[in-house]
Amino acid sequence: MTTHISDKHAEAMPDAFSPDALILGAGPAGLLCALFAARRGRCVAVLEASGTTARKLRASGGGRCNCTNRHAAPAHYLCANPRFTEQALRRLAPDDFLALLGELGLSASEEHQGRYFCDQGAPALAERLERACRAYRECYPADAPPGGLHFPQYYQDWSLPCAPPSLYY
């Protein structure tokens, strides 16, 4: 994949910018990935094309956010590699996600067939996930401590072959 940053924006980017991970997409999965990587001491950069983090999450469940299911099991998913689903569900079980909601100052209520909805709604969950990620923001001179997320300035001219993102943080 090729990338391009215009000269005027390249000058604004710190020389020490070399993240351990570049996450494409600040949807729920991208934000969770960024948050967990930063908590493990990784320097993370997140690139979002839509200009809004967790855009689809904000509308999920009619704004109520069906965020997990007590009965989630590999048998409920179609996947070419069933072990992937097993491992994913084992690494972030419903109780783990409910605990993360608590850490974010949110709660969820169980409804029909084990579905959990965020009591504060989808927009609140999206905002808290983004805020949790931004809490790991660090300046990036060479002497910056390891770990954290890098949120450089808005780059209009940043482009990728698939689409030009409008927000880079």
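The following conversation concerns backbone angles, cysteines and aromatic rings in a predicted model.

Student: Let us begin with the backbone. What is the phi of A54?
Tutor: In this predicted model, the phi of A54 is near 50°, a positive value in a residue other than glycine. As a general point, most residues other than glycine have a negative phi.

Student: And where is A54 found?
Tutor: A54 lies in the loop between β2 (43-48) and α3 (55-59).

Student: Is A54 buried or exposed?
Tutor: A54 is buried, since its relative accessible area is 1%, and the cut-off for buried is under 20%.

Student: What about Q113, which sign does its phi have?
Tutor: Q113 is not a glycine, yet its phi is positive, at about 55°. Q113 sits in the loop between β4 (108-110) and β5 (115-118).

Student: Is Q113 buried or exposed?
Tutor: Q113 counts as exposed, with 57% relative accessibility.

Student: Turning to cysteines, how many disulfides does the structure hold?
Tutor: The structure holds zero disulfides. C65 is in none, and the nearest cysteine sulfur, that of C67, is 4.9 Å away. A disulfide requires sulfur atoms within 2.5 Å, so this pair does not qualify.

Student: Are C65 and C43 buried or exposed?
Tutor: C65 counts as buried at 2% relative accessibility. C43 is buried as well, with a relative accessible area of 11%.

Student: Last topic, the rings. How many aromatic pairs are there?
Tutor: The structure holds zero aromatic pairs.

Student: Then what sits over the ring of F117?
Tutor: The charged end of R64 does, at 4.0 Å from the centre of the F117 ring.

How values were computed
Residues are numbered from 1 along each chain as its sequence is written. This is a predicted model: local features need pLDDT of at least 70, side-chain atom pairs count only at pLDDT 80 or more; totals for chains, interfaces and linings use all residues. Side-chain values use heavy atoms; hydrogens and water are left out. Rings of Phe, Tyr and Trp (its six-membered ring) pair if their centres lie within 6.5 Å; planes under 30 degrees apart count as stacked, over 60 as edge-to-face and the rest as tilted. A charge sits over a ring if NZ of Lys or CZ of Arg is within 6 Å of the ring centre and within 35 degrees of the ring normal. Helices (H or I, at least four residues) and strands (E, at least two) are DSSP runs, numbered from the N terminus. Buried means under 20% relative accessible area, exposed over 50%, partly exposed in between (1.4 Å probe, protein chains only).
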